[in-house]
Amino acid sequence: MFVDFFYTLRDRGIPVTPTSFLRLQKAMNMGLVHSLDEFYTAARAILVKSERYFDTYDQIFAHHFHGASFEDPTAVELTEIARSLLDEWLKNPEEMADALGIDKETLENMTPEELIQYFLDRLKEQTEAHHGGNKWIGTGGTSPTGHSGIHPGGMRVGGESRNHSAIKVAMERRYRDYSQEGPLTQFQMGEAMKRLRRMAPTGPRDIVNIDKTVYETMRNAGEIEIIFDRRLADRLKVILLIDNGGWSMDPYIDVVQTLFHYASSQFKDLKIYFFHNTIYSRVWSDPQRQFKPEQVDDFIRRDPETRLIIVGDASMAPYELMHPNGAIYIDAKPSGTSIERLRFLAKTFRHCVWLNPMHPREWEYTRTTEIIRQIFPMFELTLDGLEKAVQYLTSTKK
Amino acid sequence: MSTEKKNSQFRGASRYVLDDELAEIVNVSMALEMPLLLKGEPGTGKTMLAHAIAESLQMPLIILNVKSSMKLIEALYQYDTLTRLNDSRFGDSKRDVSNIEAYIKMGKIGQAFTADKRTILLIDEIDKADTDFQDDMLDVLDQMQFDIIEIDKTVRAKHRPVIVITSNAKKDLSDPFLGRCNFHHIAFPDPDMMRLIVDVHFPNLDEELVDVTIGTFYHLRELRGIEKKPATRELINWIRALKSDPDFKPKMLKQGRVPFLGILFKKSADLYHAAQQVTKARG
């Protein structure tokens, strides 16, 4: 049962294992699943092991048991339409029964098992002919089950029944924020960035190495010989360059701020500098970019093993990047082209990435983004992108 | 379904508001005899769930608080060498020094295995431990037995405990670990759910007060630049504080005056941001 569903989950990148699928079958054989709602919940708990995939699961579920198309550019709109349709239909069982092609009484008298069976039949139909939106609810079997606990021996539920059928719940996409494309929280950032750490022994020798102590004590004929080690500490150096100027970065303030907070609380050896749009001869360590300038040329004296992370949307007027006097500030002295500076930085620090908060889809529309991408490996500032960036930064081959 | 089985279904507890989804997952996990892994924001009641199951099914609850330096063996049993050395040198105890078993103490998992009735085993904050610990532990939980090397004895579970595992996701859990658990992510409760939760904790609270506190609370969660958003736990404590303050009137919140911000925001930077934005909003 539901083999198609299982493979769709797999194809869409949710790591579901055959074992867990068999377990789901077991749960159904044991009579634990009485309705589509319960199937939704049980299948998710058993098959999907991370909240990051919940959103994808919801989408696939809605698609599979409903015909909601996913990855459609208008998916959001369609979801809205479907939701309102569904609401209407739930108010009006007759219409729903009509659409399902059975009369209302039959629908109400159907046991959950029958409903599931009926539902499966519809499903077969659907794999043969699926015409986009017109069958949305048709296959839903959104069921009398949605309204109240139909299964005996059910749970005490907090408060009134939510009247949500599984598909409706799935369509709400409650877990969008947890999906890999969702906005970043500091928490998730931590998960991704911690892998950057490079532990190395440092500081005083104040940790007892028990294995060595035992060994040396034995060698010493039982006379106790205690061996101390240095403790491990993070020795990673990070330079974070943040574009904090201009309206073009405004929509991303939140996410950049999150990154900033995370980085400053987690990395011991962290330098943060600010720039506007692109880098000329100087960057600033104060966010106002006024008081504490730093010569970019001096960066050559830094440890070349430092990880350089640049955050910016990389979109600007091309002359800002290419023209020797491109800087848009009056007090900036002519200082060579910005693109040369960027190349210099990329050459100085072999572990470098550019994090772009803009969606990759938009990258190709900005010429400067394309140019900068040729200098720095560019990643999207999302959990997914960040993970890839960290992977890139930690890999030794360059 | 036999009557006995019916009784062993989880229906929520007096101090815990359960949503139907979670209830279903708990029941499925119990029936399949699989550990249930719970993730979610701090303060969404992951740990409370285990307490609630224990209360509702009247099973004893055994809590294993995982620590970062923990070795699996500590969770299983402990061989108390020091006491044995002491006994052998001074000989004033009633224990038999030549019997090592007298010096084996059960750890939390061991206790759950040897208990006379079915227990709830809560393994709290598993993500603190390293991956080896997690994988090894699952082997033990899978087979429901472990060996005590010192006395060459195998301990088998008399009753398969109900296992609830919580994680704050500080680290990624390994695939084999995830493969053997059922998983649920407790989302932050929506305002309606929150009302129920508040009702459970403060049954006779003034309607108006509930409205404004929950309204304000969700508003405060939306403030910009907050690192650790206040969670259910903070809200409960906050309401408790407001209740005990004789000078407090619900009207104050409507006017944008929020007392006891420090209960909601635990980090000084957050508190500062919040205080600023609250005052600004008041104009």
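Trainee: Why are H3(A) and H2(B) called oblique to each other?

Mentor: This is a predicted model, and in it helix H3 (residues 36–47) of chain A packs against helix H2 (residues 20–32) of chain B at an angle of about 60°, the two axes being 9 Å apart. Roughly parallel would require an angle under 35 degrees and roughly perpendicular one of 65 to 115, and since about 60° fits neither of these ranges, H3(A) and H2(B) are therefore oblique to each other. As for handedness, the crossing of H3(A) and H2(B) is right-handed.

Trainee: Which residues make the contact of H3(A) with H2(B)?

Mentor: On the side of H3(A) the contact is made by Glu38(A), Tyr40(A), Thr41(A), Ala42(A), Arg44(A), Ala45(A) and Ile46(A), while H2(B) contributes Glu21(B), Glu24(B), Ile25(B), Val28(B) and Leu32(B). Sorted by class, the residues of this contact divide into 7 nonpolar, 1 polar and 4 charged.

Trainee: What makes H10(B) oblique to H11(B)?

Mentor: The angle decides here as well: helix H10 (residues 207–221) and helix H11 (residues 232–244), both of chain B, pack at about 135°, with their axes 11 Å apart. An angle would have to be over 145 degrees to count as roughly antiparallel, whereas the roughly perpendicular range runs from 65 to 115, so the value of about 135° falls outside both ranges and makes H10(B) oblique to H11(B). H10(B) passes H11(B) in a right-handed crossing. In that packing, Leu209(B), Thr213(B), Thr216(B) and Phe217(B) of H10(B) meet Thr232(B), Leu235(B), Trp238(B), Ile239(B), Leu242(B) and Lys243(B) of H11(B), and by class the contact has 6 nonpolar, 3 polar and 1 charged residues.

Trainee: How do you know that Ala54(B) is buried?

Mentor: The relative accessible area of Ala54(B) is 9%, and buried means under 20%, so Ala54(B) is buried. This residue has its place in helix H3 (residues 46–57) of chain B. When neighbours within four places in sequence are left aside, Ala54(B) is in contact with Met59(B), Leu61(B) and Ile120(B). Of these, Ile120(B) lies 66 residues away from Ala54(B) along the chain, yet the C-alpha atoms of the two are separated by 6.3 Å.

Trainee: Why is Ser264(A) called partly exposed?

Mentor: Its relative accessible area is 37%, and partly exposed is the term between the cut-off of under 20% for buried and that of over 50% for exposed, so Ser264(A) counts as partly exposed. Ser264(A) is found in helix H12 (residues 253–266) of chain A, where it touches Leu270(A) and Ile272(A), not counting residues up to four places away in sequence. Measuring aside, the model also places Ser264(A) and Leu240(A), 24 residues apart in sequence, at 9.7 Å from C-alpha to C-alpha.

Trainee: What makes Val17(B) count as buried, given its place in a loop?

Mentor: The value is what counts: Val17(B) has 11% relative accessibility, the cut-off for buried is under 20%, and Val17(B) therefore counts as buried. The loop in question runs between helix H1 (3–7) and H2 of chain B. Val17(B) and Met194(B), which are 177 residues apart in sequence, are 9.1 Å apart in space, C-alpha to C-alpha.

Trainee: Which of the two terms, buried or partly exposed, applies to Glu125(B), and which to Met144(B)?

Mentor: For Glu125(B) the relative accessible area is 24%, which is not under 20% and not over 50%, so Glu125(B) is partly exposed. For Met144(B) the relative accessibility is 8%, which is under the 20% limit, so Met144(B) counts as buried. Glu125(B) is found in the loop between strand S5 (120–124) and helix H7 (131–143) of chain B, and Met144(B) in the loop between H7 and strand S6 (145–148). Although it is not a glycine, Glu125(B) has a positive phi of about 55°; Met144(B), also not a glycine, has a positive phi of about 60°.

Trainee: How many helices and strands does each chain have?

Mentor: Chain A has 17 helices and 9 strands, and 50% of its 398 residues count as buried. Chain B has 14 helices and 9 strands, with buried residues making up 48% of its 283 residues.

Technical notes
Residues numbered from 1 in each chain as written. Chains lettered and ligands numbered in written order. Predicted model: local features only at pLDDT ≥ 70, side-chain atom pairs only at ≥ 80, totals over all residues. Heavy atoms only, no water. Helix = DSSP H or I, 4+ residues; strand = E, 2+ residues; numbered from the N terminus. Buried < 20%, exposed > 50% of the residue type's maximum accessible area, 1.4 Å probe, protein only. Axes fitted to C-alpha atoms, helices over the stretch in contact; angles between N-to-C directions. Left-handed = near helix turned anticlockwise from the far one by under 90°. Contact = heavy atoms within 4.5 Å. Nonpolar A, V, L, I, M, F, W, Y, C, P; charged D, E, K, R; others polar.
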